[in-house]
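Colleague: I have a structure open and want to go through it with you. Can we take it piece by piece?

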Amino acid sequence: MNCQAIKLSEPVAPPLQESEGRFHIVADCAPVLFWTAGSDSLCDFVDHQWLAFTGRSLEQEIGNGWVKRVHPNDVERCLETYHSAFDAHRPFEMEFRLQRHDRKYRCMLHRGTPRIDRDGKFMGYVGSAVDVTDQKRADVQLAHLQRLASLGSLAATLAHELRQPLAAIKSNVNVAVHLLDSSNPPIDELREIISDVGADGDRANEVIKRIRDFSTKRKTRVERVRLNSLISDSLLLLAGDALRRGVQLCAELAPELPPVFGDRTQLQQVLINLAINGMDAMANTEAPRYLTFETKPTGDNHVEVAVKDCGSGIEPDVLPHLFEPFFSTKGEGMGLGLSLAKSIVESHRGRIWVENNSCGGAMFRFTVPVVAEQARER
Ligand SMILES: Nc1ncnc2c1ncn2[C@@H]1O[C@H](COP(=O)(O)OP(=O)(O)OP(=O)(O)O)[C@@H](O)[C@H]1O
Ligand SMILES: [Mg+2]
């Protein structure tokens, strides 16, 4: 939801004290925490619900007092968003963790909107905060289940990838045992065999690590992410399945792509969902079947990723429903891949859309903002 700047209505505006009183009554009744700040950016009011939530007094919360209850890891990002919106008199929306009276941190969705009086003068901000912790947990759970489902479709080929190094280890061990039984075991040859066993062990370990990283359920972890290397990792995860389906994976990645801020596993989930959809769409296409990942910086401090297939393309009647949850045209599809991709991209403050390629097939594109200091340097 985008907040609009509040313009106090003209003829029927009650006296200021009365309208403020009404605002405070409404604020105290709504299942939302409310606050206001003056034009100096300092908090000058929080409602009873806010005080009940934090278990603190109004005196403790006003001014900059409320910042004391923001999770230490969120303070910098929170203040940067708050002050940059404030300086530009822009509405803002952000999530940060706020400590409740029982010392537990809850994830709160905060929205703020500038207050402009009837002469157009900036009066400060009015804002709200809603506890979205339970919804976030449900989202994490759903995303996890969907990742397991997509791993399910990759499982056969991943098992094959594991079997190869394990088989090599087994046969090398047999040879080594045989050589050790001889009267004069060839030390150099045995050393070489043992080093091959080590290398195959590492290969198997890599496959397991890739699966584990993708399938483990964990809280959202925001970090600097290099999308080019995330795509390379995803290609490794997809390689076996692509081979089985006769799909050639291609990557046209812009060099020196700025990093983005995000959750690696979630962004990888978007890439894998788009890739599996692309490969599904090419099931009945004549070879060669190409699935191409592209990256490029946009002019407005975002990175854009495209996943392009040469499959059936998107039918016009399907287009409006693509990103709806549980919409699927596949016999065994859950219809969750794209709706999750959309919510992940949007929670990263990006955008996702699709278009048909002029030469057939679909191209899904999404953007993610680059890390703030990179944006400033550009
Ligand atoms: N690359 C594509 N080309 C053509 N149609 C597509 C493509 N990607 C998605 N679609 C259409 O969008 C629908 C929704 O996709 P979505 O990924 O959400 O669900 P799904 O693939 O059917 O199931 P799952 O939950 O297993 O991903 C698909 O059923 C398909 O009809
Ligand atoms: Mg899908």
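What follows is a short exchange on the ligand shell, the cores, a hairpin and some backbone details of this predicted model.

Colleague: Start with the ligand. Which helix supplies the largest share of the shell around ligand 1?

Modeller: The shell has 22 residues, and Asn277, Ala281, Ser328, Gly333 and Gly337 are the closest. Helix H8 (264–281) and helix H9 (337–347) each supply at least two residues of the shell. The largest share, 4 residues, comes from H8.

Colleague: How many residues of that shell are charged?

Modeller: Nonpolar residues number 9 and polar ones 11. The charged residues in the shell number 2.

Colleague: Now the interior. Which element gives the most to the largest nonpolar core?

Modeller: That core holds 40 residues, and those touching the most other members are Leu227, Val270, Leu271, Leu274, Ala275, Ala341 and Phe364. Several elements each supply at least two residues, including helix H5 (133–181), helix H7 (227–245), H9 and strand S13 (362–369). The top contributor, with 8 residues, is H8.

Colleague: Which domains each give at least three residues to this core?

Modeller: Elements supplying at least two core residues each include H5, strand S8 (247–253) and strand S10 (289–297). By domain, at least three residues come from each of domain 2 (134–219) and domain 3 (220–378).

Colleague: Which residues does Ala341 touch, leaving out those up to four places away in sequence?

Modeller: Ala341 is one of the buried residues of H9, along with Gly337, Leu338, Leu340, Lys342, Ile344 and Val345. It is also among the residues of the largest core that touch the most other members. Its contacts beyond four places are Val270, Asn273, Leu274 and Ile352.

Colleague: Over to the hairpin of S2 and S3. Which residue there takes a positive phi?

Modeller: Strand S2 (residues 33–37) and strand S3 (residues 43–46) run antiparallel, joined by 3 bridges. Trp35 stands opposite Val46 in S3. The hairpin has 5 residues between the strands, and the one with a positive phi, near 75°, is Ser41.

Colleague: Is Gly124 buried or exposed?

Modeller: Gly124 sits in strand S6 (residues 122–131). Apart from residues up to four places away in sequence, it touches Thr36, Ala37, Gly38, Ser39 and Arg115. The cut-off for burial is 20 or more other C-beta atoms within 10 Å. Gly124 has 21 such neighbours, so it counts as buried.

Colleague: What separates the C-alpha atoms of Gly124 and Ser41?

Modeller: Ser41 belongs to the hairpin of S2 and S3, while Gly124 is in S6. Along the chain the two residues are 83 apart. Their C-alpha atoms are separated by 6.6 Å.

Colleague: Where is Pro288, and what is the peptide bond from Ala287?

Modeller: Pro288 lies in the loop between H8 and S10. Omega from Ala287 to Pro288 is near 0°. That peptide bond is cis.

Colleague: Is Asn301 buried or partly exposed?

Modeller: Asn301 is in the loop between S10 and S11. Its phi is positive, near 60°, and it is not a glycine. With 17 C-beta neighbours inside 10 Å, it falls short of the 20 needed for burial. Therefore Asn301 counts as partly exposed.

Colleague: And Arg349: how many other C-beta atoms lie within 10 Å?

Modeller: Arg349 follows H9, in the loop between H9 and strand S12 (352–356). Its phi is positive, about 60°, although it is not a glycine. Arg349 is partly exposed, and its count of other C-beta atoms within 10 Å is 15.

Conventions. Residues numbered from 1 in each chain as written. Chains lettered and ligands numbered in written order. Predicted model: local features only at pLDDT ≥ 70, side-chain atom pairs only at ≥ 80, totals over all residues. Buried ≥ 20, exposed ≤ 12 C-beta atoms within 10 Å, placed from the backbone. Contact = placed C-beta atoms within 7 Å. Near = placed C-beta within 6 Å. Nonpolar A, V, L, I, M, F, W, Y, C, P; charged D, E, K, R; others polar. Core = buried A, V, L, I, M, F, W, Y, C linked by C-beta atoms within 7 Å. Domains from an automatic or database assignment. Pairing = 2+ DSSP bridges.
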